[in-house]
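Visitor: I am new to this structure and should be grateful for a close look at a single part of it. Please begin with the lining of one cavity, and then set that part in the context of the rest.

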Amino acid sequence: MSDSQSVRTWRVPGRVNLVGEHLDYNGGPSVPFAIDRFVTLKARPREDDAVNVWSTLPDGSRQKADFTTSVQPGDVDGWASYPAGAVWALVQAGHPVGGLDLVLESDLPSGAGLSSSAALTVGVTAALDEIAGLGLDRTAIALSAQRAENDFVGAPTGSMDQLAVAHGQAGHAVLTDPSTDPPGTSLVPFQIADDGLAIVVIDTGVSHDHATGGYADRRRESAEAAALLGLEHLAQAGLDAPYKLEDETLKARVRHVITETARVRASLRALTDRSWAQLGTILTASHESLRDDYAVSCAELDVAVETAIEAGALGARMTGGGFGGSAIALVETADVERVRALVGERFESVQWRRPATFVVQPADGATLVTGQG
Ligand code: ADP
Ligand code: MG
């Protein structure tokens, strides 16, 4: 029988993507960082093949889901499909995985573009890896979690979220490179607090849940443009690529991918040089490209970004897939309250719900905090 000694506690962060949006599935680089908002996961191995999951959902309701390690796509739906998908992806890959009891708690907003889904799938995968002694590395854990989202949940994400959640490190961002197999990751120092700056998340409260269609449309358009250009991935496109296409929509999508890739390169230089004004400009330019060329922003995100800049932010952009979710602003610590107040005021003036705003720090990726072995 399992006893309390065998309970493992995992702390699994969400992520903010600093720059490099909608590039992962286009084979281009991103610079996300794991944030100090977490899903806490208590996992206890079972001697049978049952998986029981208890979670307090963001609306405060306590839920339970149960399935077995033989669960298949379509057997469960809703939030349970994330832990079930994590189990399924490991079993599919031939890993011997037993049952377990899981209790989830979270202070990471869900559906806010901060990758609570990746926190959940990476957390369950990491817990099963440790319990079963599979010896997977962080990238393999991230890719199995991505498979859970893609092929079980049916969310066509790239690998950036899961890589950030698995590889994050306090004081660092994670440069991800999906152009290699497996994708590459490297840590980039990111310690803006020392220089009196902060990243403020502005959660618009507009759920991007119902926007899966828009995300899938962008993936399809990207694949179409790449095929027309004879490229495997759109991030391989040269500066002349937009001129080789006829369709104005596809031209604009390619323009975003080219310019966003260049912004990632520029951001690495800015991070190395601690050129924060430069980084701010890059963030704002990224937002404009996502708004105008990639067309994945929305009114609430645009107002959050414009107002943050008006209140003194060095730069701001939507983060994550878009169509709602969160914006981030690079702000001098002394201006954080001003940004928060003005954004709140502006939202209320048009009868939108005041957004949640909070400062995030680069944090460690999925970590076993107690109960190893
Ligand atoms: P994001 O990853 O940006 O938060 P997603 O739509 O990809 O948004 O994932 C959100 C979904 O993940 C929720 O609708 C819910 O099904 C699931 N989820 C997130 N956090 C939890 C949690 N603590 N407990 C149960 N399910 C969760
Ligand atoms: Mg997600």
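**The lining of the largest cavity**

Guide: In the lining of the largest cavity, nine residues are nonpolar, one is polar and none is charged. The model is a predicted one, and what follows describes that model. The volume of this largest cavity is about 40 Å³. Its lining consists of Phe190, Ile192, Ala193, Leu197, Ala198, Ile199, Val359, Val360, Gln361 and Pro362. Two elements, β8 (197–203) and β11 (356–360), each give two or more residues to that lining. The largest share belongs to β8, with three residues.

One residue of this lining leads on to the aromatic rings. Phe190, which helps to line the largest cavity, is also linked by ring pairs with Phe33 and Trp276 in a cluster. Across the whole structure, a search finds five aromatic pairs. One of them joins Trp88 and Phe152, whose ring centres are 5.7 Å apart and whose planes meet at 55 degrees, so this pair is tilted. Because Trp88 belongs to helix α1 (residues 81–92) and Phe152 to helix α3 (residues 138–153), the pair ties together parts that are 64 residues apart in sequence. Both Trp88 and Phe152 are buried. Another pair is formed by Phe347 and Trp352: with ring centres 5.0 Å apart and planes at 70 degrees, it is edge-to-face. Here Phe347 is buried, its relative accessible area being 0%, whereas Trp352 is partly exposed at 23%.

Aromatic rings also meet charged side chains. The charged end of Arg11 sits over the ring of Phe38, at 4.2 Å from the ring centre. Arg37, in turn, lies over the face of Phe358, 4.0 Å from the centre of that ring.

A comparison with the other enclosed space is useful at this point. The structure holds two cavities of 30 Å³ or more, and the second largest has a volume of about 30 Å³. Around the second largest cavity stand Val97, Gly98, Gly99, Leu100, Leu128, Ile131 and Ala132. Helix α2 (residues 116–132) supplies the largest share of this lining, namely three residues. By class, five of the residues that line the second largest cavity are nonpolar, two are polar and none is charged.

The open spaces should be considered as well. The second largest pocket contains about 200 Å³ of space. It is lined by 14 residues, and those closest to its centre are Asp24, Ser159, Pro178, Thr180 and Pro183. Charged residues do appear in this lining: there are three of them, beside seven polar and four nonpolar residues.

Finally, a pair of strands may be examined. Strand β9 (residues 315–319) is mostly covered, with five of its five residues buried. Five bridges connect β9 with strand β10 (residues 326–332), and the two run antiparallel. Within this pairing, Ala316 stands opposite Ala329 of β10. The hairpin that the two strands form has six residues between them, and Gly320 adopts a positive phi near 90 degrees there.

To return to the part requested, the largest cavity has a lining with no charged residue, and β8 provides the largest share of that lining.

Notes:
Residues numbered from 1 in each chain as written. Chains lettered and ligands numbered in written order. Predicted model: local features only at pLDDT ≥ 70, side-chain atom pairs only at ≥ 80, totals over all residues. Heavy atoms only, no water. Phe/Tyr/Trp six-rings, centres within 6.5 Å; stacked < 30°, edge-to-face > 60°. Helix = DSSP H or I, 4+ residues; strand = E, 2+ residues; numbered from the N terminus. Buried < 20%, exposed > 50% of the residue type's maximum accessible area, 1.4 Å probe, protein only. Lys NZ or Arg CZ within 6 Å of the ring centre and 35° of its normal. 1 Å grid on protein atoms, 1.4 Å probe; cavity = no way out; pocket = protein on both sides within 12 Å on 5 of 7 lines; lining within 4 Å. Points joined across faces, edges and corners; volume = space filled by probe spheres on them. Nonpolar A, V, L, I, M, F, W, Y, C, P; charged D, E, K, R; others polar. Pairing = 2+ DSSP bridges.
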